[in-house]
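Thanks for coming. I will go through one model today, mostly salt bridges, backbone outliers and a few contacts. Please have a look at it first.

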Amino acid sequence: MSDIVRFYFSFRSPYSWLAVYRINFIIDELPVNFELIPVFPPKDFNNDPRLNKNKLRYMREDISRIAAAYGLTVKRTGLKEPDWIRPHAAYLYAADQGKAMEFCLSAHTARFSEGLDLGDDKVIGDIADQCDLNPVEAVNASNDRKYHHRVMQGMSKANEIRLFGVPFFIYKENKYWGNDRIEWLLRDIYADMNKAVPDLSSAPMLRPF
């Protein structure tokens, strides 16, 4: 059996978008299975960057330069906060249909590259259609208590591991937080594959893998 990488993501996070974009390039080449788990911050989230203007300004600059390096476009149109459980519930429907990564990437792109509202039924339906899914079923799933319950189960798992931000990866009990930690995740996976990895003790500026 392949090892599991639990990947906690949120459609609210631009860093999650960048990580999903990158993982999509390599996911089929790795001897592990990725379990994508959607989460979103609670209403009393005390680390919301919107509450810190300096942090928010830095994040916008940081996201823009990283996205540009990846060849991605960032579009901001005063995005409002939707009821976050809904698009994440629609994601679970897509995952049930074998379209986890496709829907995850398309929804992130819709929000951060196209500036669309993920709380809008038409947007959810259009994303589903792009993934060859039934748009009506996707919208229905976004409002389905059964899927809402599953989202909250994922949130409970996140609380158990004391999750504090996304993207967040867990591989063999090792934890990696952030888009810039994907290289360290890959280093450990490659080491387990008996692939040579750089000796960073003598060359700390090399890539980790």
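Where is K172 found? K172 sits in the loop between strand 3 and strand 4 (174–177). Helices here are DSSP runs of H or I with at least four residues, strands are runs of E with at least two, and both are numbered from the N terminus.

Some ground rules. This is a predicted model, in which local features need pLDDT of at least 70 and side-chain atom pairs count only at pLDDT 80 or more, while totals for chains, interfaces and linings use all residues. Residues are numbered from 1 along each chain as its sequence is written, and side-chain values use heavy atoms, with hydrogens and water left out.

Back to the loop. K172 has a phi near 50°, a positive value in a residue other than glycine. E173, in the loop between strand 3 and strand 4 as well, has a phi near 70°, again positive in a residue other than glycine. For context, most residues other than glycine have a negative phi, and most peptide bonds are trans. On accessibility, K172 is partly exposed, with a relative accessible area of 45%, and E173 is exposed, at 66%. The cut-offs are under 20% relative accessible area for buried, over 50% for exposed, and partly exposed in between, with a 1.4 Å probe and protein chains only. The areas come from the Shrake-Rupley method with a 1.4 Å probe, and for residues only the protein chains shown count as cover.

Which residues does a cis peptide bond join? V166 and P167, with omega about 0°. P167 is found in the loop between helix 7 and strand 3 (168–171).

Now the salt bridges. The definition is a side-chain nitrogen of Lys or Arg within 4 Å of a carboxyl oxygen of Asp or Glu. Side chains of opposite charge can pair when their charged atoms come close. How many salt bridges does a search of the whole structure find? The search finds 11. I will show three.

In one of them, R111 and E81 meet through their side chains at 3.9 Å, N to O. R111 lies in helix 4 (residues 100–112) and E81 in the loop between helix 2 and helix 3 (85–96), so this pair ties together parts that are 30 residues apart in sequence. R111 is buried, with a relative accessible area of 4%, whereas E81 is partly exposed at 32%.

The next pair is R150 and D96, whose side chains meet in a salt bridge of 2.8 Å, N to O. Because R150 lies in helix 7 and D96 in helix 3, the pair ties together parts that are 54 residues apart in sequence. R150 is partly exposed, with a relative accessible area of 31%, and D96 counts as partly exposed at 41%.

The third pair is R181 and D180, with the closest N and O atoms 3.1 Å apart. R181 is partly exposed at 38%, as is D180 at 48%. Separately, salt bridges that share partners join D3, K172 and D192 into one network. That brings K172 back, the loop residue with the positive phi.

Some charges have no such partner. K53, R57, R60 and R76 gather in a patch of positive charge on the surface. Patches are made of residues with over 30% relative accessible area and no salt bridge; like charges are joined within 9 Å, and nonpolar side chains (Val, Leu, Ile, Met, Phe, Trp, Tyr) within 5 Å. Lys and Arg count as positive and Asp and Glu as negative, with His and the chain ends not counted. The place of a charge is taken as NZ of Lys, CZ of Arg, CG of Asp or CD of Glu. Within the patch, K53 lies in helix 2 (residues 53–70) and counts as exposed at 67% relative accessibility.

Last, helix 7 and one loop. Is H148 buried or exposed? H148, found in helix 7 (residues 145–160), is buried, with a relative accessible area of 18%. Leaving out residues up to four places away in sequence, H148 touches I85, R86, A89, A141, S142 and N143, where contact means heavy atoms within 4.5 Å. Q153 is also found in helix 7, and the C-alpha atoms of Q153 and V39, 114 residues apart along the chain, are separated by 9.6 Å.

E114 lies in the loop between helix 4 and helix 5 (121–130). E114 and V74 are 40 residues apart in sequence and 7.4 Å apart in space, C-alpha to C-alpha. That is the end of my list.
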